[in-house]
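Hello,

Here is the structure for you to look through. My notes on it follow below.

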Amino acid sequence: MPEATQDELKSRVAVRALDFVQEGMRLGLGTGTTAKLFVAHLAERVRGGLNVVGVPTSEATRAQAEAAGIPLTTLDDTPELDLVVDGADEFDPELRLIKGGGGALLREKIVAAASRRMVVITDVSKRVEVLGRFPLPVEVNRFGLGATTRQVEAAFQRLGLAGAVSLRLDKTLSDPFVTDGGHHILDCRLGAIPEPERLAEALVNIPGVVEHGLFIGLATTVIMADASQTYVIGRQNS
Ligand SMILES: O=C(CO)[C@H](O)[C@H](O)COP(=O)(O)O
């Protein structure tokens, strides 16, 4: 039998996540290639009569959901959501995540925090024992970029972490990437983050850091596919 492609694995977990969706739910709609597949499958169900309302986590997801006919709302009108379905760049055995590879981490975290459950859809390549193989995205205000970058690097040093910090560029590869919120992103190649909680605390205390890509205590379930199976992994105490 031929090996499943990564796209096939992503499609499988996106379809499986529909099992968590119920009539009348208020849904957070994630960002990225895996979440995009979920939104497409959800739209099919909506066309078939499913009644849900969604809050997109990015302008890209908003455009996709709108075009596909999924009714949308905002966290101002609907501040509590039943479920968010989103992708991730990494997850560890405690279902701690790194997110933000697609640049939507700020809205993704706000939406996840407003949701009773967070179902993360991934393929097996995202599973790690220790977070940090994927460069940690840190969203920063444009004002004071150089000073904030130094503070971020100093925080890494204090925690015994080392690695290159680079300003994310957009598709032109000459201009900085700008998030939906108008900020920049520092990609921090740390290799391994043995104590994500300590790092998260240090980063939120730096003026100029808007948000970071460590999602701790938010994911309640990870749906992961490998070539042979789809696994549904629940967080202890969730
Ligand atoms: O955090 C994200 C966007 O900010 C994405 O969920 C993450 O990058 C995974 O994306 P993909 O499903 O394309 O691998």
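**Around the ligand**

Helix α2 gives the most to the shell around the ligand: three residues. Please keep in mind that this is a predicted model. In total, 18 residues surround the ligand. The closest are Gly32, Thr34, Gly87, Gly101 and Gly102. Two elements, α2 (33-47) and α4 (105-113), give two or more residues to this shell. How do the residues of the shell divide into nonpolar, polar and charged? Four are nonpolar, ten are polar and four are charged.

**Helix α4**

Now stay with α4. This helix is mostly covered, with seven of its nine residues buried. The buried residues include Leu105, Leu106, Val111 and Ala112. Charged residues are among them too: Arg107, Glu108 and Lys109.

**The sheet**

Next, the strands. Six of them form an open sheet, and the pairing is mixed. The order is β2-β1-β3-β6-β12-β13. Why is one side of β2 and of β13 left without a neighbour in the sheet? Both β2 (53-56) and β13 (230-234) stand at the edges, and each has a single partner strand, so one side stays free of a neighbour. From one strand to the next, the twist averages 20 degrees.

Look at one pair inside the sheet. β3 (residues 81-86) and β6 (residues 115-123) pair in the parallel sense, over five bridges. Val84 has Met118 in β6 as its bridge partner.

A helix packs on this sheet as well: α1 (residues 6-17). α1 touches β3, β6, β12 (221-225) and β13. The direction of α1 makes about 155 degrees with that of β6.

Best wishes

Conventions:
Residues are numbered from 1 along each chain as its sequence is written. This is a predicted model: local features need pLDDT of at least 70, side-chain atom pairs count only at pLDDT 80 or more; totals for chains, interfaces and linings use all residues. A residue is near a molecule or strand if its C-beta atom, placed from the backbone, lies within 6 Å of it. Helices (H or I, at least four residues) and strands (E, at least two) are DSSP runs, numbered from the N terminus. A residue is buried if 20 or more other C-beta atoms lie within 10 Å of its own, exposed if 12 or fewer, and partly exposed in between; C-beta atoms are placed from the backbone. Two strands pair if DSSP finds at least two bridges between them. Axes are lines fitted to C-alpha atoms, for helices over the stretch in contact, and angles run from 0 to 180 degrees between N-to-C directions. Two residues are in contact if their C-beta atoms, placed from the backbone, lie within 7 Å.
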